[in-house]
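Trainee: Could you take me through one part of this model up close? I'd like to look at the largest pocket and what sits around it.

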Amino acid sequence: MIRILFVCLGNICRSPMAEAVLADMIKSERLDGQIETDSAGIGNWHTGEPPHYETRAILQKNDIAYTGLTARQIRQRDWERFDYIIGMDEQNINDLKAMHQISDKSPMVAKLMDFVNDPEEENIPDPYYTGNFAYTYQLVSTGCANLLAYIKDKHHL
């Protein structure tokens, strides 16, 4: 099983959006027995909460399931459990690297937009602050499609 953890600041906007979008793509390609997704936040402010109401609205508008998603903070054991830890922006990556010494045995740590050739944004803007959930959804969808293509190629799926 290939395990992917998406990480953003509070785990109510970008990372649960990415978790739901990629899970939908995985299911569409019948890879759900081979790839698993999850999400977490750097902070614990929203632990136990569902995704932001506008995140839920944009997912619902695009017929993407999000039932059961609740915010949580990243844990030490995530570093052993996941193969990929994917941050939404450079600050998330810096925070992750400050939390855990990256080594050859660590999961791959990267930004979601690192998987996109010539991305229009290097970092996925936080819609909690920008209010632009549609743009975030567009970037997340592109990033997830490219991440899935990368994983399929790398793992011969």
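Mentor: Sure, and let's start with the word itself: a pocket is an open set of grid points with protein on both sides within 12 Å along at least five of seven lines, and a residue counts as lining if it has an atom within 4 Å of a point. Keep in mind that this is a predicted model.

Rolling a probe the size of a water molecule over the atoms shows where empty space is left. Here, the largest pocket comes out at a volume of about 160 Å³. Now find its walls: the lining is made up of Glu-19, Ala-20, Ala-23, Asp-24, Lys-27, Thr-37, Ile-64, Ala-65, Tyr-66, Thr-67 and Leu-69. Sort those residues by character and you get 6 nonpolar, 2 polar and 3 charged. The biggest contributor is helix 1, which supplies 5 residues to the lining.

So what else is helix 1 up to? Helix 1 covers residues 14–28 and is one of the elements giving two or more residues to the largest nonpolar core. That core holds 38 residues, and among those with the most contacts inside it are Val-21 and Leu-22, along with Ile-4 and Phe-6. Strand 1 (2–8), helix 2 (53–61), strand 3 (84–87) and helix 6 (133–154) also give two or more residues each, with helix 6 providing the largest share, 9 residues. There's a second, separate core too, with 11 residues, including Leu-5 and Ala-40. That fits a general pattern: in soluble globular proteins, nonpolar side chains tend to be buried together.

Val-21 is a nice one to click on. Leaving aside residues up to four places away in sequence, Val-21 touches Leu-59, Ile-64, Tyr-137, Val-140, Ser-141 and Cys-144. Spot Ile-64 in there? Ile-64 also lines the largest pocket.

Just ahead of helix 1, stop at Asn-11, in the loop between strand 1 and helix 1. Most residues other than glycine have a negative phi. Asn-11, though, has a positive phi of about 65° and isn't a glycine. Asn-11 is also buried, with a relative accessible area of 2%.

Now zoom out. The chain has 6 helices and 4 strands, running β-α-β-α-α-β-α-β-α-α from the N terminus. Its radius of gyration is 14 Å, close to the 15 Å that the globule rule gives for 157 residues, so the chain is as compact as a globular protein of that length. Of those 157 residues, 50% count as buried.

Terms used: Residues numbered from 1 in each chain as written. Predicted model: local features only at pLDDT ≥ 70, side-chain atom pairs only at ≥ 80, totals over all residues. Heavy atoms only, no water. Core = buried A, V, L, I, M, F, W, Y, C linked by side-chain atoms within 4.5 Å. Buried < 20%, exposed > 50% of the residue type's maximum accessible area, 1.4 Å probe, protein only. Contact = heavy atoms within 4.5 Å. 1 Å grid on protein atoms, 1.4 Å probe; cavity = no way out; pocket = protein on both sides within 12 Å on 5 of 7 lines; lining within 4 Å. Points joined across faces, edges and corners; volume = space filled by probe spheres on them. Nonpolar A, V, L, I, M, F, W, Y, C, P; charged D, E, K, R; others polar. Rg over C-alpha atoms; globule rule 2.2 N^0.38 Å.
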